[in-house]
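Q: Could you take me through the reading of a sheet and of charged side-chain pairs in a structure that I have not met before?

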Amino acid sequence: MWNVTDWQKVVFSDESRFVLGTDDNRVRVWRRPGERYNSPHTVLRHTTLTAGVMVKGIIAYDSQSTLIVMHGTLTGQRYVDDILRPHVGPFLNGLPGAIFQQDNARPHTARVAQDFLRHFQTLPRRPAPPICPL
């Protein structure tokens, strides 16, 4: 069982998109488990690009990185070249005993990213639960 001291070693990383407008072109639908889409309640939306910026940040118990602006589509190789090597690696090296945690986004689980992260201690990710068919 982990205690507070163990969790203080974990370094978290995540990204977020900030939209410069009122609509991020995402449709959010809340429904009960097992309930299918109710077509009278769906709304068609335009799918044009919306101005915004994607940023990534790294936080630890007593420190944080500056926000990293991400441009374009993030692939596994770009994740290593633009995020891990220049930002995450040095951040982790500055924190002895750090344990890196990230989500299961495709660039994060790409072989090239996992190869790079072999040099660091990482928190193992549990696989996502299977999707229940409707």
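The dialogue below turns first to the sheet and then to the salt bridges.

Q: Before anything else, what kind of model is this?

A: This is a predicted model, and the values discussed here are computed from it.

Q: How many strands form the sheet, and in what order do they stand?

A: One reads a sheet by following its strands from neighbour to neighbour, and here four strands form an open sheet in the order 3-2-1-4, with mixed pairing. Strand 3 (68–70) and strand 4 (99–101) each have a single partner strand and stand at the edges, so one side of each is left without a neighbour in the sheet. From one strand to the next, the twist averages 25 degrees.

Q: In which sense do strand 2 and strand 3 pair, parallel or antiparallel?

A: Strand 2 and strand 3 run antiparallel to one another and are paired over three bridges; at the level of single residues, V55 has V69 of strand 3 as its bridge partner.

Q: Which strands does helix 2 touch where it packs on the sheet?

A: Helix 2 packs on the sheet through contacts with strand 1, strand 2, strand 3 and strand 4, and its direction makes about 30 degrees with that of strand 2.

Q: Turning to the charged pairs, how many salt bridges does a search of the whole structure find?

A: The search finds four salt bridges. One of them joins K56 to E15, whose closest N and O atoms are 2.6 Å apart. Since K56 belongs to strand 2 (residues 52–59) and E15 to strand 1 (residues 10–19), the pair ties together parts that are 41 residues apart in sequence.

Q: Is K56 buried or exposed, and how does E15 count?

A: Residues under 20% relative accessible area are taken as buried, and K56, at 0%, is buried, whereas E15 counts as partly exposed at 23% relative accessibility.

Q: Where do R85 and D81 lie, and how far apart are R78 and D82 in helix 2?

A: For a pair within a helix, one looks at the spacing along the chain. R78 and D82 are four residues apart in helix 2 (residues 76–93), a separation of about one helical turn, and their salt bridge has its closest N and O atoms 3.0 Å apart. R85 and D81 both lie in helix 2 as well, four residues apart, and form a salt bridge with a closest N and O distance of 3.1 Å.

Q: What are the relative accessible areas of R78 and D82, and what are the values for R85 and D81?

A: R78 is partly exposed at 27%, and D82 is partly exposed at 32%. In the other pair, R85 counts as partly exposed at 48% relative accessibility, and D81 counts as partly exposed at 36%.

Technical notes:
Residues numbered from 1 in each chain as written. Predicted model: local features only at pLDDT ≥ 70, side-chain atom pairs only at ≥ 80, totals over all residues. Heavy atoms only, no water. Salt bridge = Lys/Arg side-chain N within 4 Å of Asp/Glu carboxyl O. Helix = DSSP H or I, 4+ residues; strand = E, 2+ residues; numbered from the N terminus. Buried < 20%, exposed > 50% of the residue type's maximum accessible area, 1.4 Å probe, protein only. Pairing = 2+ DSSP bridges. Axes fitted to C-alpha atoms, helices over the stretch in contact; angles between N-to-C directions. Contact = heavy atoms within 4.5 Å.
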